[in-house]
Each structure stands twice: as C-alpha cells, then as structure tokens.
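Hi,

Here is the structure I promised to pass on. Have a look at it first, and my notes follow underneath.

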Amino acid sequence: MMNIHILCVGRLKEKFYADAVAEYQKRLSGYCRLQITELPEEKLPQEPSQAQIDAALRKEAGAIRAKLPPNSSVAALCVEGRTRSSEELAGLLRTWEIDPAKHLVFLIGGSYGLDEALKREAWVRLSMSPMTFPHHLARVMLLEQIYRGFKINEGSRYHK
C-alpha cells in the first residue's frame, strides 16, 4: 500500500474544511496510508514587504524539509506548476506506486505559497488551476483528486 504524506502550511480552522478532509481521509484509507501534517504559518505584518515574505517562506521551507520523510518523491502545489487532468494524475499515481521512493509527499504552502528553492527541489510541480483558491480549499481539492485517481485506476464509475 502506497504511503502518501501531505505537508501543509497553516491549520484548518473552518469546520466545513475539516469535515471534508476527514471524509476523504476515510475514503482513502482503503487505497493508501495517508498522513497529513500541518505546519505553522509564519506571522507577518498586515502589509509585509517582499523581503519579509521571502524570509517567512524560507523559514517555512526549513520546517517543511525537516518533516520530509526519507526516500520521498515530492510534488509541490503551486500556481506555476503544470495543470493536469484527473486521468493524468491517476497515471502519476500509478507511476509513483512502482517508484522506489517509499513516500509520495504533496506540499501545500500557506497564504504566500512555497519558497522558490523548495519548488525547484520538487520532483513535480502541480497546479490545481490558474485561478486562485484558499490554501485550505486546495487541501480538500487535492484529497478529492487523489481519491479520484485511485478510483480511475481501479476502473470505478466514480469518475464519469
């Protein structure tokens, strides 16, 4: 069974997001060993400078690197990543299932995204859409797409 780890910057506060995440965790339990780790978002002033944002992203990147399991394939979610169809993500899941890396790790940044160096280090960069979404919603969307990918790979009617 595949090990999937989602590292998220920021904590879910809204109950509706937490409920959706719990539902997909339950659904995914038959397909993978899923672990979600929340890391604190760096505190910034109301109108931070780019230098302050960059420093916060570097600090968050250090916390992310400290939590990366050894022997991982990393997928960074970022706006400049490549958008993929659900079928393409299902194909990536099939590839990762036979990959010698023991963990597939998805990174979701906080309000200001992910550090540039961290994104460059990722095996793949994925974009959910060219539209902007709250990073908490991105977590739910990612979990649904992972679930959909497993259902596509098994030939289920979930994906129509």
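Let me start at one residue and work outwards. Phe133 comes out as partly exposed, because its relative accessible area is 32%. Bear in mind throughout that this is a predicted model. Phe133 sits in the loop that runs between β5 (124-127) and α5 (135-154). Together with Met128 and Met131, Phe133 makes up a nonpolar patch on the surface, and the three share about 280 Å² of accessible area.

Now the fold itself. There is an open sheet of five strands, in the order β2-β1-β4-β3-β5, and the pairing is parallel. At the edges you will find β2 (32-39) and β5, each of which pairs on one side only. On average, neighbouring strands here are turned by 30° against each other, ignoring direction.

Going through some of the pairings:

- β1 (residues 2-9) and β4 (residues 103-108) run parallel and are joined by five bridges. Cys8 has Ile108 as its bridge partner in β4.
- β3 and β4 are also parallel, with six bridges joining them. Here Ser72 is partnered by His103 in β4.
- β3 is joined to β5 by five bridges, again in parallel. Leu77 has Leu126 as its bridge partner in β5.

Two helices are worth a look against that sheet. Helix α2 (residues 50-67) packs on the sheet and touches β1, β2 and β4, with its direction at about 160° to that of β1. Helix α5 lies across β1, β2, β3 (72-83) and β4, and runs at about 165° to β1.

Next, Arg84. You can find Arg84 in the loop between β3 and α3 (86-98). Arg84 counts as partly exposed because its relative accessibility is 27%. Which residues does Arg84 contact, leaving aside its neighbours within four places in sequence? They are Leu92, Val124, Leu126 and Ser127. Arg84 also brings us back to the patch: its C-alpha atom is separated by 7.8 Å from that of Met128, although the two residues are 44 apart along the chain.

On to the charged pairs. The structure holds twelve salt bridges, and I have picked out a few.

Arg27 and Glu23 form one of them, with the closest N and O atoms 2.9 Å apart. The two residues are four apart in helix α1 (residues 15-28), so about one helical turn separates them. Both ends are partly exposed: Arg27 has 31% relative accessibility, and Glu23 has a relative accessible area of 30%.

Lys59 and Glu42 form another, where the closest N and O atoms are 3.6 Å apart. This pair links distant parts of the chain, with Lys59 in helix α2 and Glu42 in the loop between β2 and α2, 17 residues apart. Are the two ends buried or exposed? Lys59 counts as exposed, because its relative accessibility is 55%, while Glu42 is partly exposed at 25%.

Lys151 and Glu154 meet through their side chains in a salt bridge of 2.8 Å, N to O. Both lie in helix α5, three residues apart, which is about one turn of the helix. Lys151 is buried, because its relative accessible area is 12%, whereas Glu154 is partly exposed at 45%. Besides these pairs, Arg11, Glu38 and Arg139 are joined into one network by salt bridges that share partners.

One backbone detail to finish. Most residues other than glycine have a negative phi. Asn71 is not a glycine, yet it has a positive phi of about 60°. You will find Asn71 in the loop between α2 and β3. Asn71 counts as partly exposed, because its relative accessibility is 43%.

If you only open a few spots in the viewer, I'd look at the patch of Met128, Met131 and Phe133, the contacts of Arg84 and the phi of Asn71.

Cheers

Terms used:
Residues are numbered from 1 along each chain as its sequence is written. This is a predicted model: local features need pLDDT of at least 70, side-chain atom pairs count only at pLDDT 80 or more; totals for chains, interfaces and linings use all residues. Side-chain values use heavy atoms; hydrogens and water are left out. Patches are made of residues with over 30% relative accessible area and no salt bridge: like charges are joined within 9 Å, nonpolar side chains (Val, Leu, Ile, Met, Phe, Trp, Tyr) within 5 Å. Accessible areas come from the Shrake-Rupley method with a 1.4 Å probe; for residues, only the protein chains shown count as cover. A salt bridge is a side-chain nitrogen of Lys or Arg within 4 Å of a carboxyl oxygen of Asp or Glu. Buried means under 20% relative accessible area, exposed over 50%, partly exposed in between (1.4 Å probe, protein chains only). Two strands pair if DSSP finds at least two bridges between them. Axes are lines fitted to C-alpha atoms, for helices over the stretch in contact, and angles run from 0 to 180 degrees between N-to-C directions. Contact means heavy atoms within 4.5 Å.
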